[in-house]
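Trainee: I would like to take a close look at a single part of this model and see how it sits within the whole. Could you walk me through it slowly, in one connected answer?

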Amino acid sequence: MNRLFSINYSLYTGILLTAILIFLAIFGPSMAPHTLTETLRTSYENGTILAPPLPPFTSKEFLLGTDRSGYDILSMILYGIRYTLFISFAVTLIKMTTGSLIGLYVGTWKKTPQLLEAFENAWSYVPLFLILYFFLGPITFAENADPNVLVFYFIIVASIVSIPSIVSSVRKKSKEISTSTFIEAARLLGANRHRLVWRHIFPQLKESLLVMFILEIVQVIALMGQLALMNIFIGGTIYRRDSQIYLSITKEISGLVGAARGNIYSDTTYILYIPLILLLIITSSFSLLANGLKNRFQSTYQRTPWVKTGFEPRVRPVRKVMKKSE
Amino acid sequence: MRIIQQAIFIFLLIILLAAIPSILIVNPYELNIYLDFSQLGHLYGQFMKELASGSLGTYQLGDQVRFISADIKSNFLISLFTLLIGVLSAVVIGLLFGIFLSRFIVTRFFNMLLNILSTIPDFILIVFSLVLAIKIYEVSGVRVISLRPDGGALNIWYPMVLTAIAPTLYMFKLLAVQYYQTSGEDYIRTAVSKGMRVNYINFQHVYKNIEPFIIADLTKVVSLAIGNLFIIEYLLNVPGITKFIFQSNQFQPITIGLFSMLLISLIVYFSIRLVLYIFKRGFIYE
């Protein structure tokens, strides 16, 4: 029984779900039953009228139903999921590499520049999504702009905007480690700054950086979702003035959520539910992955608490077995 | 010195942000994006002139042009109370369930719930709770929320709860991790071996060592709450300070709105510091 409890479920579920998502991102469009421009023709079958908006699981051809204009929701999702994953991954990659590089090196300095600290603090006050709102607001509605250019623009702006927070947290960790005695010993033995960073500090941080990377992916998706609620969809927004609807060009999942937001107040809420639940699955699979990794690292490296805290991990530690020297 | 630098940075950031809708221009024919700074001086001049003449200027609400100064007071208070209650509940619930009550089996269940909720991004929680409120009305006929700006308490209480969710989850997670790490330290072992009670250790040893982390992350918590407040006020149609920011693209209301937001966050920050100080004086040093 104890064995069953001590399995790191969240790690394995996270890995499985992430693998499925990556598979869908690669092969999604070729699996889609319809193209993005095909619509449901209103028809009369066995005494019932099939007309958009079609609820899910009523027709075999349109498994997840259609939106108000008759476009297939399943196809939209399969086309859009690669944008969501690719964009969030690209943003995270850029900001994490730049941010950790700066943070690791600045952490080894004797004194942190006052200006940098003041800038980080000021930046952390303003919510990121607000900055992006002002940057993307005028651009996203541009008619006949190339969606790829807009996606590229978002990736660049979003990564630059979120670098300061990464720098600040990596810098603090790196600073903490660089005060320890083994760093001093290495310095006395003549190690230069690069060696200190890459041979002594980085190996201590690589686990927490990995967890941070996965959690930052979730953060980027959350950022995209917040923007989508403000009708700013990554890759461009189409605004139909006559009926006052906003449409996502790339069909990126958070964009679909934002576009379907108006359906809260009607009886076609499923148009909102389907992309929202998918987004929930995407974010929770990454969170599970991060949580699983964290459990593993924590149970391996953490000191056991002396008082009962209620937060003790159940997972068994994974120890590296050193080879016996012969 | 650092505080002055910070203030200057925030000031610059705000006036730059507010000006972006006016200076960022997309050329629809050649499809390129460029920054047009020629308007910038004019904008700032106008803003200063408006302030110097003693008025806060006007903003556009639908078809009518209204004076900002006529509406700002009530909007400011609504945003302030929403944010204050959100952050306060974050600190209180975080401390209670993250440290002082976390060891009991009854609260273990609540902790699990918080842990699960904290993996869900805030905006999904907001949308889901909006759906929930509407469904409750559909099923039982009980009106939980009102989207009318003049709805009174019915319009205000739900946004307050929603604003509290994200910072509470963040604070809880932070404190749980810190508590777990602190409790492995040697001074805790010394305290335990001296036969001190767990509650005493939590107050005298654990809390004192965790407080710096709370204060350090308080800005993050406030910023998190503000970010959510923007979305919630927008979605639930609350007559808060964000009205000035999202209703129009004019420089004047956006700047005024952002500066009032800054003022609100400062008030919230310092009142939480005060609460923590009183808690420390009252319970720990007695």
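Trainee: Taking chain B as the part to look at closely, what share of its contacts with a separation of 6 or more comes from residues 24 or more positions apart?

Mentor: Before the answer, please keep in mind that this is a predicted model. In chain B, residues 24 or more positions apart account for 71% of the contacts that have a separation of 6 or more. The chain is built from 10 helices and four strands, and when its elements are read from the N terminus on, they follow the order α-β-β-α-β-β-α-α-α-α-α-α-α-α. Of the 286 residues of chain B, 49% count as buried, while the chain exposes about 13900 Å², with carbon and sulfur atoms supplying 66% of that area.

Within chain B, one residue worth a pause is Thr182(B), which lies in helix H6 (residues 153-182) of chain B. Its relative accessibility is 7%, and because buried means under 20%, Thr182(B) counts as buried. If we leave aside the neighbours within four places in sequence, Thr182(B) is in contact with Tyr187(B), Ile188(B), Asn209(B) and Ile210(B). Elsewhere in chain B, ring pairs link Phe100(B), Phe203(B), Tyr207(B) and Phe279(B) into a cluster.

Chain B also has a partner to consider, since 64 of its residues are in contact with 59 residues of chain A. The size of an interface is often given as the accessible area lost when the parts come together. Here, chain B and chain A bury about 5900 Å² between them, and 74% of this lies on carbon and sulfur atoms. On the chain B side, Phe9(B), Phe123(B) and Tyr180(B) lose the most area to chain A, and together they make up 13% of what that side buries.

The partner, chain A, likewise has 10 helices and four strands, but its elements run α-α-β-β-α-α-α-α-α-α-β-β-α-α from the N terminus on. Its C-alpha atoms fill a box of roughly 85 × 55 × 40 Å along the principal axes. Of the 326 residues of chain A, 50% count as buried, and residues 24 or more positions apart account for 70% of its contacts with a separation of 6 or more. Chain A exposes about 16900 Å², of which carbon and sulfur atoms supply 62%.

We can now turn to the interior. In soluble globular proteins, nonpolar side chains tend to be buried together. The largest nonpolar core of this model holds 168 residues, and the members that touch the most others are Phe134(A), Phe154(A), Leu227(A), Ile282(A), Leu95(B) and Leu258(B). Helix H8 (residues 193-229) of chain A gives the most to this core, contributing 18 residues. Domain 1 (1-40) and domain 2 (70-283) of chain B both give residues to the core as well, so the core lies between these two domains. To see one of its members in detail, take Phe154(A): apart from neighbours within four places in sequence, Phe154(A) is in contact with Ile87(A), Val91(A), Leu132(A), Leu136(A), Ser159(A), Met224(A), Leu227(A) and Ile234(A).

Helix H8 of chain A deserves a further look, and Glu216(A) has its place there. With a relative accessibility of 15%, Glu216(A) counts as buried, and beyond residues up to four places away in sequence, Glu216(A) touches Thr92(A), Lys95(A), Met96(A) and Ile166(A).

Aromatic rings bring us back to this helix, for a search of the whole structure finds 17 aromatic pairs over all chains. In one of them, the rings of Phe89(A) and Phe213(A) have their centres 5.7 Å apart and their planes at 70°, and because planes over 60 degrees apart count as edge-to-face, the pair is edge-to-face. Phe89(A) lies in helix H3 (residues 73-107) of chain A and Phe213(A) in helix H8 of chain A, so the pair ties together parts that are 124 residues apart in sequence. Phe89(A) is partly exposed at 40% relative accessibility, whereas Phe213(A) is buried at 17%. Trp198(A) and Phe202(A) form another edge-to-face pair, with 5.2 Å from centre to centre and 65° between the planes. Both of these residues lie in helix H8 of chain A, four residues apart, which is about one turn of the helix. Trp198(A) is partly exposed, with a relative accessible area of 36%, and Phe202(A) is partly exposed too, with 28%.

Definitions and conventions
Residues numbered from 1 in each chain as written. Chains lettered and ligands numbered in written order. Predicted model: local features only at pLDDT ≥ 70, side-chain atom pairs only at ≥ 80, totals over all residues. Heavy atoms only, no water. Core = buried A, V, L, I, M, F, W, Y, C linked by side-chain atoms within 4.5 Å. Buried < 20%, exposed > 50% of the residue type's maximum accessible area, 1.4 Å probe, protein only. Helix = DSSP H or I, 4+ residues; strand = E, 2+ residues; numbered from the N terminus. Domains from an automatic or database assignment. Contact = heavy atoms within 4.5 Å. Phe/Tyr/Trp six-rings, centres within 6.5 Å; stacked < 30°, edge-to-face > 60°. Areas by Shrake-Rupley, 256 points an atom, 1.4 Å probe, with all protein chains shown as cover. Buried area = accessible area lost by both parts, 1.4 Å probe.
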